[in-house]
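Work through the exercises below with the sequence and the 3D structure in view. Each task is followed by a worked solution.

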Amino acid sequence: MPGTATPHPGRRGRRLSRTVTAVAATAALLSVFGTAHAAQPSRGPAVGPLQQAFTDAAQRYHVPRSVLLGVGYLESRWDGHQGVPSVSGGYGPMHLTDARTALTDYPPTGAADGGGDGGDGRGDDSRPRVTSATVEAPDIAALPANLTTLDRAATLTGLPAGALRTDPAANVAGGAALLAAAQKSLHEPLSADPADWYAAVARYSGADDRATADSFADNVFDVIREGESRTTDSGQRVALPALPSLRPAAGQAARVGLRPVSTPQDAGNDPETECPPGLGCAWVPAPYQETGDGDYGNHDLADRPVDQKIDTIVIHDTEGSWDTALQLVQDPTYLGWHYTVRSADGQVAQHLSTKDVGWHAGNWYTNAHSIGIEHEGFLTDPDAWYTEAMYRSSAKLVKYLAARYGIPLNRQHILGHDNVPGPTASYVPGMHTDPGPYWDWSHYMALLGAPIHATAGSWGGVVTIDPDYATNQPLYTGCVTVDDTCPAHGSTAVRLYTAPSADAPLVRDIGLHGATGASTTGVNDMGARASAGQQFAVAGRQGDWTAIWYLGQKAWFHNPAADPAAVNSVGLVVTPKKGLATIPVYGRAYPEAAAFPAGVPVQALSPMTYQVPAGQRYVVGNRVHGEYYYSVSFDTTDQQVVRGRQVYYEIQLGARVEYVRAEDVTVLPSVLGAPR
């Protein structure tokens with residue numbers, strides 16, 4: 001089956017209902033908080049209403065303010081999401097859960113196509129597809145107890161359920177009351193010392209296993225130690241001063257209780273998961289078995305990094321629920337990937353050993369050199385799915401894997417599925433677009449310990465995209481129906497124009513739209529988009545606008561000094577060798593024909609539609625030798641890794657990375673000849 005396609009599930013965006021009945025809570029809140037004073041003195045500039053709500057609730061319920069703020073940050077980053085519930089039915093900054101109300105309008109109507117997929121990996125279009133028919137509403141009778149914490153908060157506070165859902169101050173009060181109740185249930189005092197609250201924080205997670213609860217509490221304590229401050233989605237500034245020496249008090253971890261995490265094991269494989277300590281990974285194995293008619297699934301066995309280097313981690317979203325994703329990854333007729341991360345609490349399940357090759361990226365070359373991590377969620381509904389717990393668990397996992405395999409923590413090696421190249425030109429229109437423009441890459445890279453920052457002045461010749469997530473809100477369409485306008489939302493993607501004006505046409509993507517087709521504002525249209533962490537060579541500057549080289553053309557984005565959308569950087573760039581008018585671009589770095597031994601079909605070096613004209617420059621992300629993993633049957637005795645002499649450079653050509661041959665380019669420091 002070499003050279004065949006790997007369709008990923010049909011990605012259909014889904015949305016939870018945004019109609020939530022608001023209940024006025026002003027009178028109740030005044031009666032509760034009217035004359036309260038802070039248990040811990042506030043610091044910094046004037047205190048806003050939400051910051052004051054945390055202070056007041058901490059005082060009333062005798063919860064350390066740092067603990068309350070830390071739990072709120074991990075649950076929501078203090079965002080209220082305009083009263084919209086999360087996928088697990090959680091509302092407001094403290095994620096008070098009310099699943100029955102949240103599921104009233106579930107499943108949501110409408111869908112946005114997350115893109116097709118393609119690649120020279122494994123699979124065909126007869127594979128099951130994740131659609132509105134395969135993603136079903138949860139069974140309410142089977143919902144865990146933590147999905148009704150809002151009712152408990154209403155009982156503890158005396159506040160109406162509607163206010164707890166929609167009023168941020170009431171919601172914070174409900175969270176404080178629940179934390180205090182958890183502390184009392186553990187027979188612990190309502191101590192002013194945050195160190196005494198580890199077990200209560202773990203219980204607040206609602207997890208029913210010890211590892212997941214511990215992971216939640218560890219993350220909260222990390223937040224408190226490091227401190228955080230940000231502007232919320234309602235425009236309020238909230239701050240948590242750092243307590244760098246904080247550690248759980250002796251005996252707190254043992255007080256959590258709960259059952260150990262279940263790790264079902266495949267007796268034929270290594271039973272140990274490959275995760276950092278404390279993450280709480282479960283082993284949910286993907287099958288490797290024959291499926292009839294000479295076919296097999298749902299991945300390939302290998303011996304990486306002994307036989308092939310792992311140099312890339314691909315970030316996906318499932319465009320389906322956790323349960324659906326786990327059902328599909330255990331189907332031998334479907335596709336296998338390495339890990340899945342749950343939205344509600346950051347629980348991680350591992351499906352494949354990292355030494356084996358998953359069928360996840362839609363590009364067989366990328367599959368052979370990468371680890372695939374799926375995240376429960378839908379790219380058009382980030383508030384419901386892309387939780388802080390999920391970001392943090394994922395970042396811990398990626399940081400661990402990167403250290404284990406020597407993978408650089410940058411956007412040339414930590415790719416979104418929407419950054420993976422089509423293997424050949426015909427597959428480009430069908431490539432996937434997850435995790436999409438609402439995935440917070442800047443925040444994610446900071447959690448990885450690799451925050452985006454300037455490395456040069458304007459002389460550097462390179463920019464790294466880095467808009468402010470909260471205030472950067474490009475207009476997107478197609479979140480529910482093809483022509484609808486998506487709700488305004490923060491994004492780490494910037495839009496690219498043919499001239500330094502927002503009235504100019506968007507730059508073209510001839511691979512995606514053809515020679516005459518135009519890029520659009522569609523949420524799944526990658527044709528005129530650059531996202532945080534991606535690096536591009538500077539092509540010019542004019543006023544508040546910066547031009548970069550992008551898909552063989554000059555592309556402009558708004559980059560005012562007062563509110564920059566990028567930082568200046570320095571690095572290596574490639575440009576066509578002198579005398580070459582254009583050079584070809586490739587979606588895979590395969591060996592030259594002479595490298596293939598007898599019995600292994602030659603894989604053509606098939607150029608993409610794109611070309612790099614003379615004088616243009618593109619940032620180098622990696623240098624690799626041509627390589628092809630030949631694995632076409634269930635019997636592994638014929639597997640071979642074909643290695644060639646051909647050298648390639650991975651470059652950031654557009655939204656997706658591509659490859660150019662070393663023999664076609666000159667490599668330069670970006671500062672040489674860079675426009676100022």
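The exercises below concern a predicted model.

**Exercise 1. Find the length of α3 and check it against the expected span.**

Step 1. The helix α3 has 12 residues.
Step 2. At 1.5 Å a residue, these should span 16 Å.
Step 3. The end C-alpha atoms of α3 are 16 Å apart, which agrees.
Step 4. Just after α3, Arg 77 takes a positive phi of about 55°.

**Exercise 2. Decide how far α3 is enclosed by the rest of the structure.**

Step 1. A residue counts as buried when its relative accessible area is under 20%.
Step 2. The buried residues of α3 include Arg 65, Leu 68, Tyr 73 and Glu 75.
Step 3. In total, 12 of the 12 residues of α3 are buried, so this helix is largely enclosed.

**Exercise 3. Place Leu 68 in the largest nonpolar core.**

Step 1. This core has 53 residues, and Leu 68, Val 71, Leu 179 and Val 201 touch the most other members.
Step 2. Among the elements that give two or more residues to this core are α2, α3, α7 and β6.
Step 3. The most come from α7, with nine residues.
Step 4. Leaving aside neighbours within four places in sequence, the contacts of Leu 68 include Phe 54, Met 94, Val 172 and Leu 179.

**Exercise 4. Is Asp 381 buried or exposed, and where does this residue lie?**

Step 1. Asp 381 is in the loop between β13 and α13.
Step 2. Its relative accessible area is 0%, so Asp 381 is buried.
Step 3. Ser 86 is 295 residues from Asp 381 in sequence, but their C-alpha atoms are 9.3 Å apart in space.

Notes: Residues numbered from 1 in each chain as written. Predicted model: local features only at pLDDT ≥ 70, side-chain atom pairs only at ≥ 80, totals over all residues. Heavy atoms only, no water. Helix = DSSP H or I, 4+ residues; strand = E, 2+ residues; numbered from the N terminus. Buried < 20%, exposed > 50% of the residue type's maximum accessible area, 1.4 Å probe, protein only. Core = buried A, V, L, I, M, F, W, Y, C linked by side-chain atoms within 4.5 Å. Contact = heavy atoms within 4.5 Å. Expected span 1.5 Å × (residues − 1).
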